[in-house]
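Let's take a friendly walk through a protein structure together. Take a moment to look over the model before reading on.

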Amino acid sequence: MNESMPLWVAEERQALLAAIVDYSEDAIISKTLEGKITSWNHAAAALFGYHESEAVGQHISLIIPADRLHEESFIINEIRQGRKIQHFQTIRRAKSGQEISLSLAISPIKNSKGVVIGASKIARDISRQKEAAEKQGMLAAIVNNSDDAIVSKTLEGIITSWNNAAARMFGYTEAEALGRHISFIIPRERLDEEDYIIGEIKKGHSISHFETIRVTKNGDFIPISLTVSPILNEEKTIIGASKIARDISEKVAAHEELEQLYRQVKTLSDKKDEFIAMTTHELKTPITSLKGFLQLLQIHTGAEDKGRLFVERSIRQVEKLAMLINDLVDFSKLQAGKLGMHFESFDMKLLVEDCLELYATSSTHPFRLNCSGSLELQADRLRIEQVVDNLVSNAIKYSPEGGSIDITIDGRADAVEVKIKDEGIGIDDAVQHKLFSQFFRAVEPGYSIPGLGMGLYITKEIIERHGGSIAVESALGKGSVFSFLLPRQSSNQQYTASL
Ligand code: ADP
């Protein structure tokens, strides 16, 4: 203290200094050269958890972790020689045992004769700073070790960071890329994309999985998927963009391979359809003549003639063959989207009766027909006949042990429903969803019931083209119910050929 200063001034000044120390946000501690604590401000109490009364008079080692006690002798040594210590980063321990990262500034305290009598310490908690630095280091490591190129740029497109993967992907080192405009990796014809990206970023929008092409230092074009997000400063103002670029060359190559495979399969499938269309056409003509000749032979064979039975059997076999060929014809027409529809009005009951009449002579299965409501509707009569015929012939075919076949026709407000129920072999639950697909048969190959697995596929297509629906309920060994619903006023539904 200045000796010429009046006492009251000196006192006032001291009070002011004490207040500054007391209200400082940094912990301020003083100690003797022996390490005895002589003052302890509010911030020190808050930081270390010891009240002033608990700390003053104690040795400073109160807050020094055991493995850092050696620091104290170094500090005291410096202080004794009148030297200050600045930004000494260390760790001290609070009353709770928690370790705190600190930055210390230590100065000697001299008496009026200039002799060092102690030290004052200002301790600043840098735990947050350290944590932030660690976090930043961790993020930097993640960015640098990422397999994706991560690049940041200003809103003007100037590159501000460039990670290792970016260097690998585009061939430019970090030093070559920093400070350059991002357009150096954008193919000329794609420069517009940058305006679009920056436009979105300025609006605060992110862009995800934007698939594009970039050019490397070697001049190679690489397909990448970009994710771009705005970078905000502390005031939440957009100051730039971060870009993550993933090399999708493999994905693109796989996609191209798949497309090529698809084209090959499509070509093969088209060839198959062409082949079926051609062969069915070629088969139809001789079968029609054969049937004609057999019918002539039947007329010319006497009722008692032994050969008549064989002629009749041959006619039945030829008819079966003709049916199979017709299915093939319809199948190829469906594939080519050429199955025409001709709508007319008719009564469903009459149609079903006509169909059953045909089977009455050849089948031993008793038929029962039940009708209710008005059964008049507008649809393609021949095609619906084909549907009923297919479902009835299946009901007979898949009931080799016999059993009755119940047909119910129900006229509803705007649709007619037909149900065909048999007591045959039934269908396993697990395969019922596949029944209406091409060439699917629920019976084992080689099973004695013949078939190609096309009938239900064609049936479903016909019903759906009328805007109707078809369903099956079945239990293995107990029988099946096939039902279809047709709107009274059908309109030709758009047909999309499926592979
Ligand atoms: P196909 O009878 O020529 O094999 P479909 O397409 O008409 O062809 O029928 C597909 C499969 O559905 C048949 O192979 C058969 O396994 C099964 N299926 C169809 N109708 C019945 C039925 N009423 N009872 C049992 N199984 C049936």
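## Around the ligand

Keep in mind as you look that this model is predicted. A good place to begin is the shell of residues around the ligand, which by class holds eleven nonpolar, seven polar and three charged residues. Among the 21 residues around the ligand, those that come nearest are Asn-394, Tyr-398, Arg-441, Ala-442 and Leu-456. Three elements each supply at least two residues of this shell: α12, α13 (455–465) and β17 (479–487). Which element gives the largest share of the shell? That is α12, with four residues.

Now look at some individual atoms. Arg-441 places a polar side-chain atom 2.5 Å from an oxygen atom of the ligand. A polar backbone atom of Gly-455 is 3.2 Å from an oxygen atom of the ligand. Ser-480 has a polar side-chain atom that lies 3.4 Å from a nitrogen atom of the ligand. How much of the ligand does the protein bury? The ligand taken alone exposes 530 Å², and the protein buries 97% of that.

## Helix α12

Helix α12 covers residues 381–397, which makes 17 residues. From its first C-alpha to its last it reaches 24 Å, close to the 24 Å expected at 1.5 Å a residue. At its N-terminal end, Asp-380 acts as a cap, with a side-chain oxygen 3.2 Å from the backbone nitrogen of Leu-382.

Why can we call α12 largely enclosed by the rest of the structure? Twelve of its 17 residues are buried, so the helix is largely enclosed. The buried residues include Arg-381, Arg-383, Val-387, Asn-390 and Ile-396. Asn-394 is also one of the buried residues of α12, and you met Asn-394 above among the residues that come nearest to the ligand.

## His-365 and helix α11

Next, find His-365 in the loop between α11 (348–362) and β12 (367–372). Is His-365 buried or exposed? Its relative accessibility is 10%, so it counts as buried. A polar atom of the His-365 side chain lies 2.8 Å from the backbone oxygen of Ser-399. Leaving out residues up to four places away in sequence, His-365 touches Ile-396, Ser-399, Gly-402, Gly-403 and Ile-405. One of these, Ile-396, is a buried residue of α12.

Helix α11 itself has 15 residues and reaches 22 Å from first C-alpha to last, close to the 21 Å expected at 1.5 Å a residue. Its N-terminal end is capped by Asp-347, which has a side-chain oxygen 2.7 Å from the backbone nitrogen of Lys-349. Buried residues in α11 include Met-348, Leu-351, Cys-355 and Tyr-359.

## Two partly exposed residues

Ser-437 sits in the loop between β15 (415–421) and α13. With a relative accessible area of 33%, Ser-437 is partly exposed. Not counting residues up to four places away in sequence, Ser-437 touches Gly-453 and Tyr-457. How far apart in space are Ser-437 and Gln-81? Their C-alpha atoms are 97 Å apart, and in sequence the two residues are 356 residues apart.

Gln-298 belongs to helix α9 (residues 249–299). Its relative accessibility of 22% makes Gln-298 count as partly exposed. Gln-298 touches Arg-308, Val-311, Glu-312 and Ile-315, again not counting residues up to four places away in sequence. The C-alpha atom of Gln-298 is separated by 86 Å from that of Ile-150, and these residues are 148 residues apart along the chain.

Notes: Residues are numbered from 1 along each chain as its sequence is written. This is a predicted model: local features need pLDDT of at least 70, side-chain atom pairs count only at pLDDT 80 or more; totals for chains, interfaces and linings use all residues. Side-chain values use heavy atoms; hydrogens and water are left out. The expected span of a helix is 1.5 Å times one less than its number of residues. Buried means under 20% relative accessible area, exposed over 50%, partly exposed in between (1.4 Å probe, protein chains only). A polar contact is a pair of N or O atoms within 3.5 Å; within protein, one must be able to donate a hydrogen and the other to accept it, and residues adjacent in sequence count only if both atoms are side-chain atoms. A residue is near a molecule or strand if one of its heavy atoms lies within 4 Å of it. Accessible areas come from the Shrake-Rupley method with a 1.4 Å probe; for residues, only the protein chains shown count as cover. Ala, Val, Leu, Ile, Met, Phe, Trp, Tyr, Cys and Pro count as nonpolar, Asp, Glu, Lys and Arg as charged, and the others, Gly among them, as polar. Contact means heavy atoms within 4.5 Å.
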